[in-house]
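Visitor: Could you take me in for a close look at one part of this protein, the lining of its largest pocket, and then show me how the rest of the chain is put together around it?

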Amino acid sequence: MSDAKKITSPITKDVVKTLKAGDRVLITGTIIAARDAAHKALTEALKNGEKLPVDLKNQTIYYVGPSPARPGDAIGSAGPTTSGRMDKYTPAILDLGVNAMIGKGYRSKEVVESMKKNCVVYMVAIGGTGALISKSIKKYEVLAYEDLGPEAIARLEVVDFPAIVAIDCEGNDFYKAGQAPYKEI
């Protein structure tokens, strides 16, 4: 990805505003791993007025449930989870100040509206490349909900993590733009 934008995470709102649907990025810094079960636990804690176990303000959330690490590796295969599985929880999570999400697949209309309201970008990692993606993850540290196993909330230290901006903070959708020319045929 020689034409990729190199960005640092946590990603600031100023950087979010520069990212456009279709941009290729290489992310270096820290991102938060959280999947379905973690999202459910977080939103239940919010509903119950409980203090959350992690501060998500300005964070990038990667929808991943990694496989166990081999000896000497920080993490096992770490491919993206289908993002739509988080959609019912996402607006509440974005209201906490999350700046970016990484997963795969489409997002609901409600999520896109919440992204525009909160100035959030949605990026995709290529499904089926979990072993390759794991090479960009240098450290994996469980932060909360350890009992959820691979769905626990964890901090990942990444170097040149590859992703593509699928939906920018203005709601421009690379999936729709990419498919448009073929729908006319």
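Guide: Sorted by class, the residues lining the largest pocket are four nonpolar, one polar and six charged. Bear in mind that this is a predicted model. The lining is made up of Tyr106, Arg107, Lys109, Val112, Glu113, Lys116, Ile167, Gly171, Asp173, Tyr175 and Lys176. Two elements, α4 (109-118) and α6 (174-183), each give two or more residues to that lining. The largest share, four residues, comes from α4. The space inside the pocket amounts to about 160 Å³.

Now for the chain as a whole. It has six helices and seven strands, and from the N terminus on these run β-α-β-α-β-α-β-α-β-α-β-β-α. The C-alpha trace spans about 50 × 40 × 30 Å along its principal axes. The radius of gyration is 16 Å, which agrees with the value near 16 Å for a compact globule of 185 residues. Buried residues make up 47% of the 185. Among contacts with a separation of 6 or more, 62% are between residues 24 or more positions apart.

Next, the nonpolar interior. In soluble globular proteins, nonpolar side chains tend to be buried together. Here the largest nonpolar core has 27 residues, and Ile27, Tyr62, Met123 and Phe161 have the most contacts inside it. Two or more residues come from each of β2, β4 (100-103), β5 (121-124) and β7 (153-167), with β7 giving the most, six residues. A second, separate core has 26 residues, including Ile32, Leu42, Leu52 and Met101. Back in the largest core, Ile27 is a good residue to click on: leaving out residues up to four places away in sequence, Ile27 touches Ile7, Ser9, Ile102, Met123, Val158, Val159, Asp160, Phe161 and Ala163.

Two of those partners have backbone features to look at. Asp160, in strand β7, has a positive phi of about 55° although it is not a glycine. Asp160 is partly exposed, with a relative accessible area of 31%. Ser9 leads into a cis peptide bond to Pro10, with omega near 10°. Pro10 itself is found in the loop between β1 (5-9) and α1 (13-18).

Ser9 and Pro10 also turn up around Thr30, a residue of strand β2 (residues 24-33). Leaving aside neighbours within four places in sequence, Thr30 is in contact with Ser9, Pro10, Arg155, Leu156 and Glu157. Thr30 and Arg155 are 125 residues apart along the chain, yet their C-alpha atoms are separated by 6.6 Å. Thr30 counts as partly exposed because its relative accessibility is 23%, above the 20% under which a residue is called buried.

Two loop residues round off the tour. Thr81 sits in the loop between β3 (60-62) and α3 (90-94). With a relative accessible area of 5%, Thr81 is buried. Setting aside residues up to four places away in sequence, Thr81 touches Arg35, Asp36, Tyr63, Val64, Gly65, Met86, Gly103 and Lys104. Asn58, in the loop between α2 (36-47) and β3, is another non-glycine residue with a positive phi, about 70°. Asn58 counts as partly exposed, at 32% relative accessibility.

How values were computed:
Residues numbered from 1 in each chain as written. Predicted model: local features only at pLDDT ≥ 70, side-chain atom pairs only at ≥ 80, totals over all residues. Heavy atoms only, no water. 1 Å grid on protein atoms, 1.4 Å probe; cavity = no way out; pocket = protein on both sides within 12 Å on 5 of 7 lines; lining within 4 Å. Points joined across faces, edges and corners; volume = space filled by probe spheres on them. Nonpolar A, V, L, I, M, F, W, Y, C, P; charged D, E, K, R; others polar. Buried < 20%, exposed > 50% of the residue type's maximum accessible area, 1.4 Å probe, protein only. Contact = heavy atoms within 4.5 Å. Core = buried A, V, L, I, M, F, W, Y, C linked by side-chain atoms within 4.5 Å. Rg over C-alpha atoms; globule rule 2.2 N^0.38 Å.
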